[in-house]
Amino acid sequence: MVAVNSPWLTLLVLPAMMRGFTEATAPALVSRTSAAVPSAHFSSSPMKNFATSMHLRGGGERYSLGLRDSIMIAHSFTGKEFGPAQNMHGATYTVDVEFHVESLAPRLNWVLDIGEGMTMLKKVLGEYNFKNLNELFPGENTTTEFMCKKIFEGLCVELKGKFKGSITVKLWESHSAWASYTNDIGADGC
Ligand SMILES: *[C@@H]1O[C@H](CO)[C@@H](O)[C@H](O)[C@H]1NC(C)=O
């Protein structure tokens, strides 16, 4: 296995190596975006667009609470598609988690206890912080999107039976690119 110390230097010296800044990945990003946009997005009715996005957000949840933390990881990708990100590199992800609910907890008037939420988030992120993701997930390309789902799954275990709603896990891999994963707590595979 690759030494864990070198990637941190690589990131400092060669920030342009980050995925998302390479010409090689640009066409993939474009085609993925156009495939993911539902046709309703182009509807002439703004209200219809609004309704569609509310539906995708898990049934019209009105309140949100957001928490933020960060993790430092090292990893590399396999495949020409990843361009220079095939080299071992480091990333410091800003991790944003949004908790969505339809109504507030009675009398408490909150979405979630912020202190408890931060403790859960820290615990889940602790599994990945300062780790080499190649060693944690030997069979996978540990993209930002992939890690969003993993962190969602960790939070799901913590939140089950305590929280009724959906959450969005958003990872910023740089100041200019993020990925996210949204699902209901208690949904399939959670
Ligand atoms: C990563 O993606 C490449 C390109 O699609 C693929 O060949 C490879 O099996 C994937 N997984 C790993 C662990 O390299």
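How many bridges join S1 to S2? Thirteen is the count to look for in the second view: 13 bridges join these antiparallel strands. The legends below describe a predicted model, in which local features need pLDDT of at least 70, side-chain atom pairs count only at pLDDT 80 or more, and totals for chains, interfaces and linings use all residues. Residues are numbered from 1 along each chain, following the sequence as written.

**View 1. The whole chain has six helices and five strands.** Both kinds of element are DSSP runs numbered from the N terminus, with helices (H or I) of at least four residues and strands (E) of at least two. Starting at the N terminus, the order is α-α-α-β-β-α-β-α-α-β-β. Of the 190 residues, 23% count as buried; here buried means 20 or more other C-beta atoms within 10 Å of the residue's own, exposed means 12 or fewer, and partly exposed lies in between, with C-beta atoms placed from the backbone. Contacts are pairs whose C-beta atoms, placed from the backbone, lie within 7 Å. Among contacts between residues at least 6 apart in sequence, 71% join residues at least 24 apart.

**View 2. Five strands make an open, mixed sheet in the order S3-S1-S2-S4-S5.** Strands pair when DSSP finds at least two bridges between them. S3 (131-132) and S5 are the edge strands with a single partner each, so one side of each lacks a neighbour in the sheet. Between S1 and S2, Leu67 has Val97 as its bridge partner in S2. Helix H4 packs on the sheet, touching S1 and S2, and its direction makes about 20 degrees with that of S1. Helix H6 also packs on the sheet, touching S2, S4 and S5, at about 140 degrees to the direction of S4. These angles, on a scale from 0 to 180 degrees, compare N-to-C directions of lines fitted to C-alpha atoms, for helices over the stretch in contact.

**View 3. Strand S4 (residues 166-172) is largely enclosed, because five of its seven residues are buried.** Seven bridges join S4 to the antiparallel strand S2 (residues 89-101), and Val97 stands opposite Val169. Another antiparallel pairing, of seven bridges, joins S4 to S5 (residues 178-184). Here Val169 faces Tyr181, while Lys170 stands opposite Ser180. Five residues lie between S4 and S5 in their hairpin.

**View 4. The largest nonpolar core holds 28 residues.** Such a core is a set of buried Ala, Val, Leu, Ile, Met, Phe, Trp, Tyr and Cys residues joined through C-beta atoms within 7 Å. Val97, Phe99, Ile151, Leu155, Ile167 and Val169 touch the most other members. S1 (63-75), S2, H4 (114-126), H6 and S4 each supply at least two residues of this core. Leaving out residues up to four places away in sequence, the contacts of Phe99 include Leu65, Val111, Phe163 and Ile167.

**View 5. Cys156 sits in helix H6 (residues 144-159).** Cys156 counts as partly exposed because 19 C-beta neighbours lie inside 10 Å. Beyond residues up to four places away in sequence, Cys156 touches Ile185 and Cys190. Its C-alpha atom is 9.2 Å from that of Ala187, 31 residues apart along the chain.

**View 6. Thr78, Gly79, Glu81, Gly139, Glu140 and Asn141 surround the ligand.** Each has its C-beta atom, placed from the backbone, within 6 Å of the molecule. This shell has four polar and two charged residues but no nonpolar ones. In this scheme Ala, Val, Leu, Ile, Met, Phe, Trp, Tyr, Cys and Pro are nonpolar, Asp, Glu, Lys and Arg are charged, and the others, Gly among them, are polar.

Key. Two residues are in contact if their C-beta atoms, placed from the backbone, lie within 7 Å.
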